[in-house]
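Reader: I'm new to this one, and I'd like some help reading it. Could we go through it feature by feature?

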Amino acid sequence: PVTLGDLSNDAMSDSNARLENYLSGLSSFSYTELTLNQQLTYGILENYFQLQLDMADMYLYDELLRPSTGVQAQLPILYEEYSFNSKKDVEDYLKLLALTDEYFDQIISFEKEKSQAGLFMSDDLCNAVIEQCEDFIYHPSDNILIKTFNKKISGFDGMAPSEKDTYKSKNEEIVYNYVIPAYKKMISE
């Protein structure tokens with residue numbers, strides 16, 4: 001399924017169950033019968049899975065919003081670098097883009113939960129994140145997600161000009177109706 005992920009408590013429980021299953025599956029291998037490279041991989045995976053499980057109760061310490069490396073900064077870069085090798089890629093991209101508001105709503109809920117636990121980011125960090133969000137939506141018609149998409153679609157082979165125009169319009173509509181409002185809500189929340 002096309003998704004940006006799930007930050008719900010149910011999703012975290014599912015993730016922890018998967019980690020336990022991975023550890024169990026890993027233990028089914030005879031470590032001594034593995035090659036040296038396989039033993040190295042085994043050790044790395046075992047350590048990673050166990051560490052993730054050990055830290056599962058400390059999920060509120062995770063910092064999703066950070067200047068430069070937070071979701072609000074990285075998501076546009078990921079969108080911008082999304083490769084279009086087929087029409088399905090273009091359609092999947094547009095579906096992902098339209099999920100930005102729902103994903104940001106989950107982040108906002110997570111940040112509120114952190115705040116209630118006394119673990120919200122510092123004022124300086126919060127102001128830097130807000131400023132970054134404001135910069136991203138400052139000129140909506142000049143937004144990088146519109147410019148980059150239009151350039152990629154214009155150079156896409158095997159698509160009629162009218163189809164390209166339709167995709168460009170749909171992208172612009174999604175940026176205006178889902179992405180920019182998601183950033184505005186993040187700023188206000």
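Reader: Let's pick a spot to begin: where is the place of methionine 58?

Author: Before anything else, keep in mind that this is a predicted model. As for methionine 58, look in the loop between H2 and H3. Methionine 58 is partly exposed, with a relative accessible area of 45%. To get a feel for distances, take aspartate 10: methionine 58 and aspartate 10 are 48 residues apart in sequence and 16 Å apart in space, C-alpha to C-alpha.

Reader: Which residues form a nonpolar patch on the surface?

Author: For a patch, you look for nonpolar side chains within 5 Å of one another, each with over 30% relative accessible area. Here the patch is made of Leu51, Met55, Met58 and Tyr61, and together they have about 420 Å² of accessible area. Methionine 55 sits in the loop between helix H2 (36–54) and helix H3 (71–81). Its relative accessibility is 39%, so methionine 55 counts as partly exposed.

Reader: What else can I look at in that loop?

Author: Try glutamate 63, which is also placed between H2 and H3. Is it buried or exposed? Glutamate 63 is buried, at 17% relative accessible area. The side chain of glutamate 63 has a polar contact, 3.1 Å long, with the side chain of lysine 114.

Reader: And what is phi of serine 68 near?

Author: The general idea: most residues other than glycine have a negative phi. Serine 68, in the loop between H2 and H3, has a positive phi near 75°.

Reader: Okay, disulfides. How many does the structure hold?

Author: Zero. To call a disulfide, you need two cysteine sulfur atoms within 2.5 Å. The sulfur of cysteine 126 has its closest cysteine sulfur in cysteine 133, and that is 9.4 Å away, so the two are too far apart for a bond.

Reader: Are those cysteines buried or exposed?

Author: Cysteine 126 is buried, with 19% relative accessible area. Cysteine 133 is buried too, with 1%. The cut-off for buried is under 20%.

Reader: Now salt bridges. How many does the count come to?

Author: You check whether a side-chain nitrogen of Lys or Arg comes within 4 Å of a carboxyl oxygen of Asp or Glu. By that rule the count comes to six salt bridges. One of them joins the side chains of glutamate 163 and lysine 87, at 3.0 Å from N to O. Glutamate 163 is in helix H8 and lysine 87 is in helix H4 (residues 87–98), so this pair ties together parts 76 residues apart in sequence. Glutamate 163 counts as partly exposed at 24% relative accessibility, and lysine 87 counts as partly exposed at 33%.

Reader: Which residue forms a salt bridge with lysine 88?

Author: That's aspartate 92, and the closest N and O atoms are 2.8 Å apart. Both residues lie in helix H4, four residues apart, which is about one turn of the helix. Check the accessibility of each partner: aspartate 92 counts as buried at 11%, whereas lysine 88 is exposed at 52%.

Reader: And where does lysine 185 come in?

Author: The side chain of lysine 185 meets that of aspartate 105 in a salt bridge, 3.0 Å from N to O. This pair links distant parts of the chain, with lysine 185 in helix H8 and aspartate 105 in helix H5 (residues 100–116), 80 residues apart. Lysine 185 counts as partly exposed at 36% relative accessibility, and aspartate 105 is partly exposed at 31%.

Reader: Which side chain of opposite charge is nearest to lysine 164?

Author: Aspartate 157, at 5.7 Å. A salt bridge has to be within 4 Å, and lysine 164 has none, although it is buried. Lysine 164 lies in helix H8 (residues 161–188). A polar atom of the lysine 164 side chain does lie 3.0 Å from the backbone oxygen of serine 154.

Reader: One last pair: how many residues apart in sequence are alanine 17 and serine 169?

Author: They are 152 residues apart in sequence, and 42 Å apart in space, C-alpha to C-alpha. You'll find alanine 17 in helix H1 (residues 9–27). At 33% relative accessibility, alanine 17 counts as partly exposed.

Methods
Residues are numbered from 1 along each chain as its sequence is written. This is a predicted model: local features need pLDDT of at least 70, side-chain atom pairs count only at pLDDT 80 or more; totals for chains, interfaces and linings use all residues. Side-chain values use heavy atoms; hydrogens and water are left out. Buried means under 20% relative accessible area, exposed over 50%, partly exposed in between (1.4 Å probe, protein chains only). Patches are made of residues with over 30% relative accessible area and no salt bridge: like charges are joined within 9 Å, nonpolar side chains (Val, Leu, Ile, Met, Phe, Trp, Tyr) within 5 Å. Accessible areas come from the Shrake-Rupley method with a 1.4 Å probe; for residues, only the protein chains shown count as cover. Helices (H or I, at least four residues) and strands (E, at least two) are DSSP runs, numbered from the N terminus. Lys and Arg count as positive and Asp and Glu as negative; His and the chain ends are not counted. A polar contact is a pair of N or O atoms within 3.5 Å; within protein, one must be able to donate a hydrogen and the other to accept it, and residues adjacent in sequence count only if both atoms are side-chain atoms.
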